[in-house]
Amino acid sequence: MGTSKNSNSGFINADFFSKENLKLSIHNLGYLPRWIIILIDVLVLLIAFTFTSVLFNETGLDYVITPHNFTFITGLLCTNLFFFWLFRTYSGIIRHSSYIDAIKLLFSQISVLIVFLSLNFIYEFIYETKLFLNTAFFVNRLLSFCGLFLYRVVVKQTFEHYFAEKSNFKLVRTIIYGTDANAISVAKAIKLETPPRFKIVGFVDKNNQNESKRMLDLPILIQRKKLPILMRSIGAEGVIIADKSLSKEEQLIIVDQCLEFNYKVYVVPKITDWENQKEISRKIKNIQIEDLLNRKPIVLDGKLISKQLKDKTILITGAAGSIGSEIVRQVLNFNPKRVLILDQAETPLHHIGLEIEAIHSNSEIHTVIADVRNKEALNRLFKLYKPQVVFHAAAYKHVPLMEDNPSQAIETNIVGTKNLADLACEYGVKNFVMISTDKAVNPSNVMGASKRIAEKYVQSLHLKCQAEKGIKAPKFITTRFGNVLGSNGSVVPLFTKQISEGGPITITHPDIIRYFMTIPEACQLVLEAGAMGNGGEIYIFDMGKPVKIIDLAKKMIQLAGFVPEKDIKIKIVGLRPGEKLYEELLNDTSKTMPTHHHKIMIAQEIPEDYESLHEEIEALIEITQTASNDAIVSKMKRIVPEFKSMNSAFESLDNKMEVSIH
């Protein structure tokens, strides 16, 4: 039950008797036409009036003293209808009636009481007789209010019971973990959700203080043993974690316990707008693998980053990729003057361009299709826009592909970086931030070695530019981190796809371990490092605890509602070419220095002489066009002595180099 269209314009308008407004259907019980609601309210008022009259007549008193009964009753009904309109008692949907609706009705009846008592006082003062008995009129208002609100409550409860019973067979029986205001808001939102997904069967109080009590007519359950035991005892299939006082460790314990017994786990963000019930219910989601990372939120130095980015022209390469696109989103938060988003992938670049348009940023946005290997195209871009900050995220990153195509790794990861860095120095860019990888540390594959050579070049170029230009030289900064959850080509999207196809999940080795962080977290640290850098540094990020990939796979299978090795198989396929069991963040000879941000450290790498390194890189680029893969990789190994191939056809080159050394 509720309003028809144009409810703000009063309860009588041009649409009042429209065909749409007159429709009545039992399947649309929640949205009866307004005229039916008015008739029911008038009927309640007449019943209350009649009951009051009979009650006082039985005591020998007359409720209405004036002989003009019809006029009095008509005036009473019209006054009620006026205050119904004034207090918008029809602006809500009756089946969702709440204490706010009760207050509106109460105010309307109090207003009617004040008007008629005032009228009665004036009439008595003029004619020395009353229109009605004041006590009877007060009782009448009380009965009217009770009747008006009571039938709304009856409709609300009938509706909930009828439709709940009708759809119970397909709802997930769920408990809410928590008894605070956040948990109550979540429960209310779930009750209003259409179509419904959950049937709430109770709340869990972690403090065990409210046994035998109820909230929203649901029991408060006491957890004396593990949560799955409690859930089994009441037939619950899932739990919504809504208690915001839980620590990350406590949440992980609950998740692990529930997943072990194949119970569904849902999370909901902290509720700040409790009136927007639809938004709350939409935010209830299955717990994701990202939620299980035991990591504290990152606190950024907003002033420092804003100083670097506000009102500046920013160039972001690889802007259509998972890292580059997130850098674009985060950079826009700091109100740059102009953002150049560059990528050679047309369709993904178009998509990120459309997404940014929808943000309605004040920044000037330019989407540029260009390849970082094309120095002339980059030169035109630098000459036209003169970017002040460059975030270089464009790179080839798939290890097995680069093992088969080392020349392409050199063209993009080395030549592309060299082109951008050289132009940054030539055009006086203030900050140049290169996105590197932990695979550049003691590299075991072509991709990692190509990124390490790019790191070396950027670091040596910083010293050269500084010597030539002094304080006007760009600050060349490198950021190095591990695997990013959900990025293009990472294991999480791969595992998700394999699970959706029924398995098996493929893992290269049962003991393989990787560091992980989320895409937003990685990009936040990139911005922070870029802002704090003085130039020449290689920043490494605190990646938290390493994760065993087979454990990650099992957890993802459980989160999808399956049993590992029973519903979804895990298949060991062997290490890929160039792949390590363990990734590192530091070279064997490197040390770290702390920074003011506890998650960012400086790797103390010894910079190389620019002239000799530049000569080596030019020679590498030259042979890339004509030489064999073995010759190309051999040259890379001379530039990066710690590059030792693993599980690769290039391992034989290491043996030859050792023999030549001896």
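User: Leaving aside its neighbours within four places in sequence, which residues is methionine 636 in contact with?
Analyst: Quick heads-up: this is a predicted model. Here we skip anything within four places of methionine 636 in sequence. That leaves a list of contacts for methionine 636: Ile410, Val446, Ala449, Ser450, Ile453, Leu620 and Phe643.

User: How many residues does the largest nonpolar core have?
Analyst: Nonpolar side chains tend to be buried together in soluble globular proteins. In this model, Phe432, Phe476 and Met636 have the most contacts inside the largest nonpolar core. Elements giving two or more residues to this core include strand 9 (338-343), strand 12 (431-437), helix 16 (446-469) and helix 21 (629-639). The size of the largest core is 50 residues.

User: And how many residues are in the second, separate core?
Analyst: You can find this second core by looking for Ile323, Val339, Leu527 and Tyr539, which are among its members. It is separate from the core we just talked about, and its count is 39 residues.

User: Is threonine 478 buried or exposed?
Analyst: Let's place it before judging it: threonine 478 sits in strand 13 (residues 475-481). Not counting residues up to four places away in sequence, threonine 478 touches Met434, Ser436, Glu455, Val458, Glu537, Ile538 and Tyr539. The cut-off for buried is under 20% relative accessible area. Threonine 478 has a relative accessible area of 2%, so it is buried.

User: How far apart in space are threonine 478 and isoleucine 540, C-alpha to C-alpha?
Analyst: Along the sequence, threonine 478 and isoleucine 540 are 62 residues apart. Now go from C-alpha to C-alpha through space instead, and the distance between threonine 478 and isoleucine 540 is 8.6 Å.

User: About how much accessible area does the nonpolar patch with Ile103 and Ile114 have together?
Analyst: The patch on the surface is made of Ile103, Leu106, Phe107, Ile110 and Ile114. Take Ile110 as an example: it lies in helix 4 (residues 99-127), and its relative accessible area of 36% makes it partly exposed. Put the five residues of the patch together and the accessible area is about 420 Å².

User: What is the angle between the planes of tyrosine 123 and tyrosine 127?
Analyst: The whole structure has 18 aromatic pairs. Tyrosine 123 and tyrosine 127 are about one helical turn from each other because they are four residues apart in helix 4. Tyrosine 123 is partly exposed at 26% relative accessibility, while tyrosine 127 is exposed at 53%. Their pair is tilted, with 4.7 Å centre to centre and an angle between the planes of 45°.

User: How many residues apart are tyrosine 457 and tyrosine 610?
Analyst: These two also form a tilted aromatic pair, 5.7 Å centre to centre with 50° between the planes. Both tyrosine 457 and tyrosine 610 are buried. Tyrosine 457 is in helix 16 and tyrosine 610 in helix 20, so the pair links distant parts of the chain, and the sequence gap is 153 residues.

User: What is the N to O distance in the salt bridge of arginine 329 and glutamate 355?
Analyst: Side chains of opposite charge can pair when their charged atoms come close. Arginine 329 belongs to helix 11 (residues 322-332) and glutamate 355 to helix 12 (residues 346-359). Arginine 329 is partly exposed at 28% relative accessibility, and glutamate 355 is partly exposed too, at 32%. For the bridge between arginine 329 and glutamate 355, the N to O distance is 2.5 Å.

User: Which residue forms a salt bridge with glutamate 616?
Analyst: The closest N and O atoms of this salt bridge are 2.7 Å apart. Glutamate 616 lies in helix 20 and its partner in helix 21, so the bridge ties together parts that are 19 residues apart in sequence. Glutamate 616 is partly exposed at 32%, whereas the partner counts as buried at 16% relative accessibility. That partner is lysine 635.

User: Which residues do salt bridges that share partners join into one network?
Analyst: Zooming out, the count for the model comes to 18 salt bridges. Some share partners, and that joins four residues into one network: Lys375, Lys418, Asp422 and Glu618.

Terms used. Residues are numbered from 1 along each chain as its sequence is written. This is a predicted model: local features need pLDDT of at least 70, side-chain atom pairs count only at pLDDT 80 or more; totals for chains, interfaces and linings use all residues. Side-chain values use heavy atoms; hydrogens and water are left out. A nonpolar core is a set of buried Ala, Val, Leu, Ile, Met, Phe, Trp, Tyr and Cys residues joined through side-chain atoms within 4.5 Å. Buried means under 20% relative accessible area, exposed over 50%, partly exposed in between (1.4 Å probe, protein chains only). Contact means heavy atoms within 4.5 Å. Patches are made of residues with over 30% relative accessible area and no salt bridge: like charges are joined within 9 Å, nonpolar side chains (Val, Leu, Ile, Met, Phe, Trp, Tyr) within 5 Å. Accessible areas come from the Shrake-Rupley method with a 1.4 Å probe; for residues, only the protein chains shown count as cover. A salt bridge is a side-chain nitrogen of Lys or Arg within 4 Å of a carboxyl oxygen of Asp or Glu. Rings of Phe, Tyr and Trp (its six-membered ring) pair if their centres lie within 6.5 Å; planes under 30 degrees apart count as stacked, over 60 as edge-to-face and the rest as tilted.
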